[in-house]
Amino acid sequence: MFVSILTIALTLAQNPADVQQGKQLFEGLCADCHGFEGTGGRGPNLNRPLTRAQDDNALRAIISDGLPDRGMPRVRRTTPNELQQLVAYVRSLGRASAGVRAGGDAQKARAVYQRSGCASCHVVNGDGGTTGPELTSIGTQRGPDYLRQAVIDPAAVLPHGTLPVPSRNLDEFLPVRVVTRDGREVQGARINEDSFTIQIRDANGQLYSFRKADLGQIEKEFGKSLMPSFKDRLSASEVDDLTAYLSSLGGAK
């Protein structure tokens, strides 16, 4: 009996009509973050095996409940049938493609990555600085277009869903400048904040924690990034190569 039900469920999940209807739902509900055809953007590329959703029940739960700690909202405006159609379409993306590859030479871009000083601020596989987001799996978390934009105009695509700060709704890696009452100044990225304290990491990776009562000034630079633009520092081909390298991080070995 169980085998028969499972077989029927799998058949329904692969129904071409469900996939087509799911595509229309996806374009209206999901494409803004995940890109058309799931190629990625602010949200992860879906043209790959989904480690967080290894079966349909897990994927259905993620769509329904979201991932608050990763910045993904709940999708509540669907009927059970529409939810199944969404699941069918997302599964079809992983089966149909190994992923949309960014242009450029990922192997050559390792040298571009090192030469540009990226490792001074970003960790890849345990190596690098901690001023910016970890990039070990960034290729599974963001699409190529998003990554290219992050290289040439970082302030336009600020980090989101990269830190485990659930329900805090803090802007991640927000540039902050504080001045203590005795005149000491610290600039860096905000790591955490509550009503009474603020934690900041400077460009050298030094972590500071201040009681707000001890500060004479707190400046938060919303809409800005500590990361410099590489638009005029790299050639167009180097930007393509670096994008390809970042897109390859976290992929199958």
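**Close-ups of a predicted model**

**View 1. Strand β3, tucked in among its neighbours.** Five of the six residues of strand β3 (residues 175–180) are buried, so this strand is largely enclosed by the rest of the structure. Keep in mind that we're looking at a predicted model here. On one side, β3 runs antiparallel to β4, and five bridges join the two. Strand β7 (residues 215–220) also pairs with β3 in the antiparallel sense, again over five bridges. Val179 is a handy residue to centre on: its bridge partner in β4 is Glu185, while its bridge partner in β7 is Gln217. The hairpin of β3 and β4 has four residues between the strands, and there Gly183 takes a positive phi near 95°.

**View 2. Phe173, on the way into β3.** Phe173 sits in the loop between α8 and β3. Its phi is near 55°, a positive value in a residue other than glycine. For context, most residues other than glycine have a negative phi. Is Phe173 buried or exposed? With a relative accessible area of 11%, Phe173 is buried, since the cut-off for that is under 20%.

**View 3. Asn125, a positive phi out in the open.** Asn125 lies in the loop between β1 (123–124) and β2 (127–128). It isn't a glycine, yet its phi is positive, at about 55°. Asn125 has 54% relative accessibility, so it counts as exposed, the cut-off being over 50%. Set that against Phe173, which is buried.

**View 4. The second largest pocket.** This pocket has a volume of about 690 Å³. Which of its 38 lining residues are closest to the centre? They are His122, Gly132, Pro133, Ser225 and Met227. The elements that give two or more residues to the lining are α8 (144–152), β4 (185–193) and α9 (236–248). Of these, α8 gives the most, with four residues. If you're thinking about the chemistry of the lining, the split is 23 nonpolar, eleven polar and four charged residues.

**View 5. Helix α9, one of the pocket's contributors.** Does the length of α9 fit or clash with what its 13 residues should span? At 1.5 Å a residue they should span 18 Å, and the end C-alpha atoms are 19 Å apart, which agrees. The buried residues of α9 are Val239, Asp241, Leu242, Thr243, Ala244, Tyr245, Leu246 and Ser247. Just after the helix, Gly250 takes a positive phi of about 90°.

**View 6. Helix α2 and its two sides.** Helix α2 (residues 16–29) has 14 residues, which should span 20 Å at 1.5 Å a residue; its end C-alpha atoms are 20 Å apart, so the numbers agree. The buried residues are Asp18, Val19, Gly22, Leu25 and Phe26. Looking down the axis of α2, these buried residues fall within an arc of 125°, so they line one face of the helix. Turned away from that buried side is a face with the exposed residues Pro16 and Gly28.

**View 7. Ala58 and Val87.** Ala58 belongs to helix α4 (residues 56–65). Its relative accessibility is 25%, so it counts as partly exposed, between the 20% and 50% cut-offs. How far apart are the C-alpha atoms of Ala58 and Val87? They are separated by 9.9 Å, with the two residues 29 apart along the chain.

Notes. Residues numbered from 1 in each chain as written. Predicted model: local features only at pLDDT ≥ 70, side-chain atom pairs only at ≥ 80, totals over all residues. Heavy atoms only, no water. 1 Å grid on protein atoms, 1.4 Å probe; cavity = no way out; pocket = protein on both sides within 12 Å on 5 of 7 lines; lining within 4 Å. Points joined across faces, edges and corners; volume = space filled by probe spheres on them. Nonpolar A, V, L, I, M, F, W, Y, C, P; charged D, E, K, R; others polar. Buried < 20%, exposed > 50% of the residue type's maximum accessible area, 1.4 Å probe, protein only. Pairing = 2+ DSSP bridges. Expected span 1.5 Å × (residues − 1). Arc of directions from axis to C-beta.
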